[in-house]
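Q: Could you show me how to read a helix face and a pocket, using the structure below?

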Amino acid sequence: MGLLTGKTAIVTGAARGIGKAIALKFASEGANIAFTDLVIDENGQNTEKEIAALGVKVKGYASNAANFEDTEKVVNQIKEDFGSIDILVNNAGITKDGLMMRMSEAQWDAVIAVNLKSAFNFIHACTPIMMRQKSGSIINMASVVGVHGNAGQCNYSASKAGMIGLAKSIAQELGSRGIRANAIAPGFIITDMTAKLSDEVKTEWAKKIPLRRGGTPEDVADVATFLASDMSSYISGQVIQVDGGMNM
Ligand code: NAI
């Protein structure tokens with residue numbers, strides 16, 4: 001028996017990166033996986049194949065997490081296809097960095113919509129199902145910059161701080177219905193998102209990390225698995241930083 005045997009998990013934005021690592025780790029612990037991404041292209045199809053090889057049920061759904069109606073539809077479809085929804089990981093996210101002085105309204109709106117409104121959309125659609133089941137674990141992917149801020153990322157930091165406030169509020173509203181909600185705040189994790197950064201920025205980051213390395217998507221997936229499973233059955237409303245000790 002795996003830690004998540006018999007459970008169904010939704011992971012948003014999981015065709016690649018941290019979401020994919022979480023979906024794979026959950027599957028290796030026995031969970032059935034419904035994952036979403038903007039499109040299910042070659043990346044998404046590979047993710048589906050790798051998860052299926054672990055012997056669980058899996059399906060990738062093309063859906064824009066920032067869109068309320070799209071999300072309602074996809075969650076209803078997942079409920080029909082899988083029967084239950086036990087775990088929700090709000091992972092889809094983007095960056096559109098810039099200093100406040102130079103940030104456009106479009107940069108602000110896009111990041112808030114994809115990183116924060118998406119989580120509202122999925123929580124809104126999934127919690128009635130979890131309430132009927134009287135159990136559920138919700139994990140919001142935040143970031144250390146949502147706790148500490150970051151010059152040049154006011155839109156992203158605000159969206160990630162919002163993910164923390166959202167998780168804590170849901171933990172308070174729905175704890176009595178058996179639903180837990182927590183946030184993970186990764187530091188510098190090596191994925192396509194951070195590949196865009198210059199070597200200079202990466203070296204500066206590494207200097208600030210006591211463990212002297214960037215994190216892997218698997219480092220984050222291990223914590224997500226703990227929060228999704230009954231191993232954390234008395235933990236709700238928390239933020240766990242996965243950052244090699246960068247911010248204490
Ligand atoms: P990534 O860019 O490699 O993957 C993000 C995935 O989300 C992509 O597959 C993308 O297509 C999907 N996506 C984007 N917009 C979407 C939408 N509207 N609807 C559905 N899917 C959408 O990024 P990575 O690094 O794997 O990040 C995953 C999460 O972790 C994000 O929320 C990110 O903000 C967060 N994070 C990442 C850190 C890092 O250092 N890589 C650090 C802290 C947080």
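Q: Which residues of helix H2 are buried?

A: A word on the model comes before the case. This is a predicted model, in which local features need pLDDT of at least 70, side-chain atom pairs count only at pLDDT 80 or more, and totals for chains, interfaces and linings use all residues. Residues are numbered from 1 along each chain as its sequence is written, and side-chain values use heavy atoms, with hydrogens and water left out. Helices are DSSP runs of H or I with at least four residues, strands are E runs of at least two, and both are numbered from the N terminus. Buried means under 20% relative accessible area, exposed over 50%, and partly exposed in between, with a 1.4 Å probe and protein chains only. In H2 (residues 42-52), Gly44, Thr47 and Ile51 are the buried ones.

Q: Why do the buried residues lie on the same side of H2?

A: An α-helix has 3.6 residues a turn, so residues three or four places apart point the same way. The buried residues of H2 are Gly44, Thr47 and Ile51, and they cover an arc of only 55° around the axis, which puts them on the same side; the arc is taken from the directions from the helix axis to the C-beta atoms. Glu42 and Lys49, on the other side of H2, are exposed.

Q: What covers the buried residues of H2?

A: The cover includes helix H1 (17-28), strand E2 (32-37) and strand E3 (58-62), where contact means heavy atoms within 4.5 Å.

Q: Is tyrosine 156 buried or exposed?

A: Tyrosine 156, in helix H6 (residues 154-174), counts as buried because its relative accessibility is 9%.
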